[in-house]
Amino acid sequence: MTAPGTRYILICSGKGGVGKTTLTANLGIALARQGVRTAVLDADFGLRNLDLLLGLENRIVFTAQEVLAGSCRLEQALVKHKQEPNLALLPAGNPRMLEWLKPEDMQRIAAMLGEQFDIVLIDCPAGIEDGFKNAVAAAQEAIVITTPEVSAVRDADRVIGLLNSHGVKPIQLVLNRVRPKMMANQEMLSVSDVTDILALPLLGLVMEDEQVIVSTNRGEPLTLNGTKSPAALAYNNIARRLRGEEVPLLDPAKAGRGLRAKLGRLMTTKIF
């Protein structure tokens, strides 16, 4: 059973490496900065990385494994973010948990988190195996993230079918690593191509942004320090839309023209 009034949002992808954990970390920070009591639950027990992206890896003492075993209280396992008191991480346990973890265990964890938080973001492992089945059991709604690549979109489509079969709704789409120039040159699937295939409402577009790599390596999400990069703006807007605000979506074509104009100005600037 989940706690009434709490939103349980699964962040999933199907294909690995499309930015799922990065979205979870940045969205968690953005929601917390907007005053929402937010928990991020790392459900990827095989390859946990959410703690690294949040810069919390050295502060982990207990994990979801000890909570389920009754070895510690939930409050002992939660890792509060020093800079964002509204955000807490519940780390994934040992990979051997995959041998015995059941959907009911994830539901127990989610219900406990729901007593303290307004939103629980569940970072789902890639693929559609047992890890996905466990994670989806704790979710009420979902965000599917994909890149504009045929293989990633095909895997996302498979995941959407499974989400529908589990009664998860609403399901919304985030399109990551958007490159306006490649879309304009038809070297990449367009936004309309992806939305037509997946038939999901678009929650946000995240532009290709080198600062994402820099922030990931530092364990400092872009949304943490008010960075003005395109990806940081996109993550913050996604958080606002999740909270019900009407925020216009970025037009990739206009974004591409703006970037080309900026580059043009730089190239024609005289250097003395």
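**Exercise 1.** Explain why arginine 7 counts as partly exposed, and classify glutamate 141 in the same way.

*Solution.* Start with the setting: this is a predicted model, in which local features need pLDDT of at least 70 and side-chain atom pairs count only at pLDDT 80 or more, while totals for chains, interfaces and linings use all residues. Residues are numbered from 1 along each chain as its sequence is written, and side-chain values use heavy atoms, leaving out hydrogens and water.

Next, take the cut-offs: buried is under 20% relative accessible area, exposed over 50%, and partly exposed in between (1.4 Å probe, protein chains only). Arginine 7 has 24% relative accessibility, so it is partly exposed. Glutamate 141 has 8%, so it is buried.

**Exercise 2.** Find which residue forms a salt bridge with arginine 7, and place both partners in the fold.

*Solution.* A salt bridge needs a side-chain nitrogen of Lys or Arg within 4 Å of a carboxyl oxygen of Asp or Glu. Arginine 7 pairs with glutamate 141, their closest N and O atoms lying 2.9 Å apart. Arginine 7 sits in strand β1 (residues 7-12) and glutamate 141 in strand β6 (residues 141-146), so the pair links distant parts of the chain, 134 residues apart. Here helices (H or I, at least four residues) and strands (E, at least two) are DSSP runs, numbered from the N terminus.

**Exercise 3.** Work out how many residues separate arginine 158 and aspartate 155 in helix α7.

*Solution.* First, the contact: their side chains form a salt bridge, 3.7 Å from N to O. Then, the spacing: because they are 3 residues apart in helix α7 (residues 150-165), about one helical turn separates them.
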